[in-house]
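Biologist: I should like to learn how the features of a structural model are read. Could you take me through them in turn?

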Amino acid sequence: MRKYFLVLAFIALVMNAPAQFPQAPATQKQILIETENTALVFSVGKNQKLYQVYLGEKLKNIEDYKGLPNQHEAYIPSGTDNLFEPAIKMLHNDGNPSLELLFADEKVTRDGNLVTTSILLKDPKYPVEVHLNFTAFQKENIIKTWTEIKHQEKKPVILSNFASAMIHWDADKYWLTQFHGDWAKEMRMEESQLTSGIKTIDSKLGTRADFYQTPVFFLSRNNLADENSGEVIAGTLGWTGSFQLLFEIDNSNSLRMISGINPFASEYHLNPNESFVTPEFLFTFSNQGKGQASRNFHKWARNYGVLDGNGSRLTLLNNWETTYFDFDEKKLTDLVGDAKELGVDVFLLDDGWFGNKYPRRNDGAGLGDWQETATKLPNGLGYLVQQAEAKGVKFGIWIEPEMVNPKSELYEKHPDWILKLPNRDEHYYRNQLVLDLTNPEVQNFVYNLVDGMLTKNPKIGFIKWDCNRMMTNTYSAYQKDNQSHVQIEYVRSFYKVMERLRAKYPHLPIMLCSGGGGRTDYGALKYFTEFWPSDNTDPYERIFIQWSYSYFFPSITLCNHITSMGKQSLKYRTDVAMMGKMGYDIRVKEMTEDELKFSKQAVQNYNRLKDLIWKGDLYRLISPYEEERAVLMYVNEDKSKSILFSYALHPRTFGQFSPVRLMGLDSNKNYKIEEINKMSKGWSRFTAEGKTFSGDYLMKIGLQLPNNSDLTSAVIEITEAK
Ligand code: DGJ
């Protein structure tokens with residue numbers, strides 16, 4: 001029968017006429033993966049193949065799924081009848097490059113809010129097993145999917161494609177929202193209609209997922225979804241290395257989405273009985289636009305995706321933009337005092353504190369030699385930790401443990417610990433090279449560095465873990481014949497080290513940093529409490545960057561520091577930082593009396609409201625991508641408290657913004673409106689100040705916000721009036 005259709009298809013092709021497709025095979029069985037609002041439905045055809053028949057809003061009656069046709073095979077292998085991009089490609093021991101995957105078994109386990117379905121597929125001719133796993137987070141409406149590949153052939157098979165997920169979607173039109181950038185230009189949002197053929201968003205950087213492209217996307221069906229309307233899938237891959245998100249529209253205008261580790265330079269030799277486990281692809285479906293999709297992600301991330309996502313975070317004063325490499329014990333002790341004066345929780349010592357044979361005076365030397373520079377810090381870190389403790393603040397420390405400068409003792413002692421080609425010139429980026437973390441000795445080195453530092457100084461209360469370059473000229477002395485495993489093994493090894501560290505230090509706050517927004521993914525965030533989104537701290541730029549990250553990451557993870565970059569008022573800089581996890585990297589001593597007073601008050605306001613900001617539901621009300629202002633608000637669970645942030649960008653002179661309708665409040669409650677973070681005591685144009693309105697009024701008529709002119713801001717506290 002199949003042969004007959006192939007012949008028909010071939011004749012149609014030759015005659016240049018559209019191929020007639022076989023009728024969808026009849027269904028034997030259905031597999032439902034459901035959250036509270038979403039359903040992903042598979043069926044098993046009479047031919048034993050697995051088909052995806054539905055993805056969208058859950059239907060009331062499960063019988064209704066039964067009539068849906070088996071149009072799209074679920075996880076399409078390469079080498080048999082597939083004509084488009086495959087999910088998996090395998091070369092067998094006998095040189096046969098094909099795979100056929102037939103349904104063999106299904107297992108469902110329930111654990112409260114989590115329902116995990118595992119579908120086993122087997123090849124009828126080769127001892128190969130593929131497990132498609134789906135965990136449906138009921139309340140958060142998130143589906144996590146990953147794949148395990150195994151075989152019992154005599155020798156290794158070669159895997160050259162190994163998707164975490166293949167998902168089909170049907171519509172007339174598809175719109176992709178992607179986020180791309182570069183150093184200090186992270187997360188620029190771009191939206192476009194997908195056209196026939198393949199569109200790929202990927203990274204080949206190895207050590208970091210996000211830099212030029214971020215592993216996140218929105219895909220809207222028919223019309224481009226906006227904040228509150230439209231059918232949209234939001235997806236992201238939890239992998240800290242090279243990734244691929246591929247979208248292909250085929251000849252019948254169907255879309256397949258393939259996401260996973262980037263197959264680039266990563267052919268994998270899979271041993272018999274070894275399990276190849278892909279990273280997790282996470283997605284949510286919303287028929288109420290991107291806002292709901294973000295709130296789903298935020299809830300999921302706090303509950304499951306981020307270390308201590310529902311816990312607390314520390315505010316801090318960092319010395320990076322204040323001193324760069326130029327500091328000594330006295331300067332740092334003064335800065336500890338400044339942290340105390342401001343009222344923040346931590347003083348964070350950044351880059352430049354280590355190296356003796358090659359002291360770290362700039363980024364050209366010392367990386368890898370994690371001993372305090374005696375000329376800068378004669379009494380070591382211990383003294384600074386004590387100083388901080390005496391002043392009642394915690395001490396935090398910067399490290400970049402996966403890297404090495406060629407000018408370092410580490411480089412001299414362990415040239416074989418470095419990723420570099422044996423017969424070509426070394427290739428530097430920020431004057432450094434990547435250590436070969438796939439080598440267990442290097443893993444121990446990294447673990448011991450952190451563990452040693454924390455054992456010697458148990459009062460260290462915060463770590464900033466940096467990673468300032470990608471892989472180039474990649475070659476591992478340790479991997480020998482398996483060079484195409486390096487990119488994958490690197491990330492796995494990174495997770496291994498983090499597993500070990502987290503076993504001993506389960507709750508120590510660690511910031512994930514990578515020369516700005518290089519490492520922002522849910523693979524790493526399992527081990528980290530927060531991340532540094534960009535080295536660009538100019539608040540105008542930052543509004544866009546933070547806005548874009550907020551689509552996928554909760555505010556509790558987004559570190560925003562008030563610095564001297566940009567010419568905006570201190571109030572504007574503070575208000576922008578406050579919409580996430582606020583911190584400082586500024587010369588406190590250079591603040592005027594008013595500025596210091598304002599900042600101390602801002603820290604107090606933040607401490608009072610941080611839980612609402614970190615854990616409230618986010619409503620993005622006006623996008624900086626659409627207007628010359630950005631307005632957003634957070635609302636707590638019982639809708640008794642809310643905070644609104646309003647930032648004017650560069651509106652035309654004498655322009656007047658219209659009132660903003662609030663969201664997420666209770667229309668039956670009354671709310672008192674108060675502006676906070678006020679800098680000058682003078683006249684305010686905020687006519688709503690101190691007044692009480694019903695939630696109904698605020699959501700249907702709205703608030704005329706006080707900040708209309710160039711680079712001005714307002715923070716409004718909204719409290720239920722009883
Ligand atoms: C890059 C980070 O993004 C900065 O905040 C700072 O820590 C530098 N590295 C230090 O080298």
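Modeller: The discussion below goes through conventions, domains, the ligand, helices, a histidine and backbone angles.

Biologist: Which conventions apply?

Modeller: This is a predicted model, in which local features need pLDDT of at least 70 and side-chain atom pairs count only at pLDDT 80 or more, while totals for chains, interfaces and linings use all residues. Residues are numbered from 1 along each chain as its sequence is written, and side-chain values use heavy atoms, with hydrogens and water left out.

Biologist: Into which domains is the protein chain divided?

Modeller: Domain bounds come from an automatic or database domain assignment. Here the division gives domain 1 (24-305) and domain 2 (620-720). Their C-alpha centres lie 40 Å apart.

Biologist: Which residues come nearest to the ligand?

Modeller: A residue is near a molecule if one of its heavy atoms lies within 4 Å of it. There are 13 residues around the ligand, and Asp350, Asp351, Lys464, Asp466 and Asp535 come nearest.

Biologist: How are polar contacts to the ligand read?

Modeller: A polar contact is a pair of N or O atoms within 3.5 Å; within protein, one must be able to donate a hydrogen and the other to accept it, and residues adjacent in sequence count only if both atoms are side-chain atoms. An oxygen atom of the ligand has a polar side-chain atom of Asp351 at 2.7 Å. A backbone N or O atom of Gly516 is 3.3 Å from an oxygen atom of the ligand, and an N or O atom in the side chain of Asn468 lies 3.4 Å from a ligand nitrogen atom. The protein buries 97% of the 300 Å² that the ligand exposes when taken alone, with areas from the Shrake-Rupley method and a 1.4 Å probe.

Biologist: How does one judge the length and bending of a helix?

Modeller: Helices (H or I, at least four residues) and strands (E, at least two) are DSSP runs numbered from the N terminus. The expected span of a helix is 1.5 Å times one less than its number of residues. Helix 11 (residues 593-615) has 23 residues and spans 33 Å between its first and last C-alpha, close to the 33 Å expected. A bend at a residue is the angle between axes fitted to the seven residues ending there and the seven starting there; helix 11 bends by about 60° at Leu609.

Biologist: Is Ile488 buried or exposed?

Modeller: Buried means under 20% relative accessible area, exposed over 50%, and partly exposed in between (1.4 Å probe, protein chains only). Ile488 counts as buried because its relative accessibility is 1%. This residue lies in helix 8 (residues 486-504), where 14 of the 19 residues are buried. The C-alpha atom of Ile488 is 7.9 Å from that of Ile261, although the two are 227 residues apart along the chain. In helix 11, the buried residues include Phe598, Tyr606, Leu609 and Trp614.

Biologist: What does the side chain of His151 reach?

Modeller: The side chain of His151 reaches the backbone nitrogen of Glu153 at 2.9 Å, and one of its polar atoms lies 2.7 Å from the backbone oxygen of Leu270. His151 belongs to strand 9 (residues 142-151) and, at 0% relative accessibility, counts as buried.

Biologist: How should a positive phi be read?

Modeller: Most residues other than glycine have a negative phi. Asn253 has a phi near 65° and sits in the loop between strand 17 (243-249) and strand 18 (254-261); its 29% relative accessibility makes it partly exposed. Ala265 has a phi near 55° and lies in the loop between strand 18 and strand 19 (268-270). Ala265 is partly exposed, at 48%.
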